Amino acid sequence: MLGVDCPRVKYRLLLIVLAIVALGIVVALATSERRTFTELRDALGATDGNLNASLQKLEQAGYLAASKKTEGRVAVTEYQLTRAGQKALTAYLGQLERIV
């Protein structure tokens with residue numbers, strides 16, 4: 001049996017964590033027009049690294065769009081679900097309904 005310290009096990013666990021974070025991001029954005037990085041991080045309880053990795057993957061897939069704005073002297077990145085992201089979530093929920 002492979003232990004948690006095994007590199008393959010760590011990698012697989014990381015993939016699971018990133019998938020859970022990605023689903024959380026899509027659901028959070030589906031319930032709000034826009035959310036900032038900080039809002040998503042705090043709502044999901046994700047680390048900055050895991051959240052950033054998941055956001056990048058979702059953006060590359062075309063499921064979300066990022067925009068930057070300035071609040072005072074602070075740069076803020078906002079995210080919103082794209083039409084493709086909405087369709088993907090709807091399809092995923094449809095699959096879950098068929099299973100249940």
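How many helices and strands does the protein have? There are 4 helices and 3 strands, and the model shown here is a predicted one. The legends below start with the whole chain and then move in on selected regions.

**View 1. The whole chain, with its elements in the order α-β-α-α-β-β-α.**
Following the sequence from its start, you meet the helices and strands in the pattern given in the title. The protein has 100 residues, and 27% of them are buried. If you take the contacts between residues at least 6 apart in sequence, 47% of them join residues at least 24 apart. The exposed area comes to about 7,100 Å², with carbon and sulfur atoms supplying 57% of it.

**View 2. Helix α3, with its buried side and its exposed face.**
Helix α3 covers residues 48–60. Its 13 residues should span 18 Å at 1.5 Å a residue, and the end C-alpha atoms are indeed 18 Å apart, so expectation and model agree. Look next for L51, S54, L55 and L58, which are buried in this helix. These residues lie on the same side of α3, because they cover an arc of only 100 degrees around the axis. An α-helix has 3.6 residues a turn, so residues three or four places apart point the same way. On the face turned away from the buried side, you will find the exposed residues K57 and Q60. After the helix comes G62, with a positive phi near 85 degrees.

**View 3. I20 of helix α1 and S54 of helix α3.**
I20 belongs to α1, the helix made of residues 7–30. Is I20 buried or exposed? It counts as exposed, because its relative accessibility is 57%, and the cut-off for exposed is over 50%. S54, by contrast, is one of the buried residues of α3. Along the chain I20 and S54 are 34 residues apart, while their C-alpha atoms are separated by 9.2 Å.

**View 4. A nonpolar surface patch to which α1 and α4 contribute.**
Seven names to pick out here are L23, V27, Y92, L93, L96, I99 and V100, which together make a nonpolar surface patch of about 670 Å². Helices α1 and α4 each supply at least two residues of this patch. Which helix gives the largest share? That is α4, with 4 residues. One patch member, Y92, lies in α4. Y92 counts as partly exposed because its relative accessibility is 34%.

**View 5. Helix α4 from end to end, with its buried residues.**
Helix α4 runs over residues 83–99. From its first C-alpha to its last, this helix of 17 residues reaches 25 Å, close to the 24 Å expected at 1.5 Å a residue. The buried residues of α4 are G85, L89 and G94, whereas Y92 of this helix is partly exposed.

**View 6. The salt bridge between R34 and E78.**
A search of the whole structure finds 5 salt bridges. In the one shown here, the side chains of R34 and E78 meet at 3.9 Å, N to O. R34 sits in the loop between α1 and β1 (35–36), and E78 is in strand β3 (residues 74–81), so the pair ties together parts that are 44 residues apart in sequence. The two partners differ in exposure: R34 is partly exposed, with a relative accessible area of 35%, whereas E78 counts as buried at 15% relative accessibility.

**View 7. R41 with its partners D42 and D48.**
Side chains of opposite charge can pair when their charged atoms come close. R41 meets the side chain of D42 in a salt bridge, at 3.2 Å from N to O. R41 also forms a salt bridge with D48, where the closest N and O atoms are 3.3 Å apart. Elsewhere, salt bridges that share partners join R34, K69, E71 and E78 into one network. As for exposure, R41 is partly exposed, with a relative accessible area of 24%. D48 is also partly exposed, at 42% relative accessibility, while D42 is exposed, with a relative accessible area of 52%.

Methods: Residues are numbered from 1 along each chain as its sequence is written. This is a predicted model: local features need pLDDT of at least 70, side-chain atom pairs count only at pLDDT 80 or more; totals for chains, interfaces and linings use all residues. Side-chain values use heavy atoms; hydrogens and water are left out. The expected span of a helix is 1.5 Å times one less than its number of residues. Buried means under 20% relative accessible area, exposed over 50%, partly exposed in between (1.4 Å probe, protein chains only). The arc is that of the directions from the helix axis to the C-beta atoms. Contact means heavy atoms within 4.5 Å. Accessible areas come from the Shrake-Rupley method with a 1.4 Å probe; for residues, only the protein chains shown count as cover. Patches are made of residues with over 30% relative accessible area and no salt bridge: like charges are joined within 9 Å, nonpolar side chains (Val, Leu, Ile, Met, Phe, Trp, Tyr) within 5 Å. A salt bridge is a side-chain nitrogen of Lys or Arg within 4 Å of a carboxyl oxygen of Asp or Glu.
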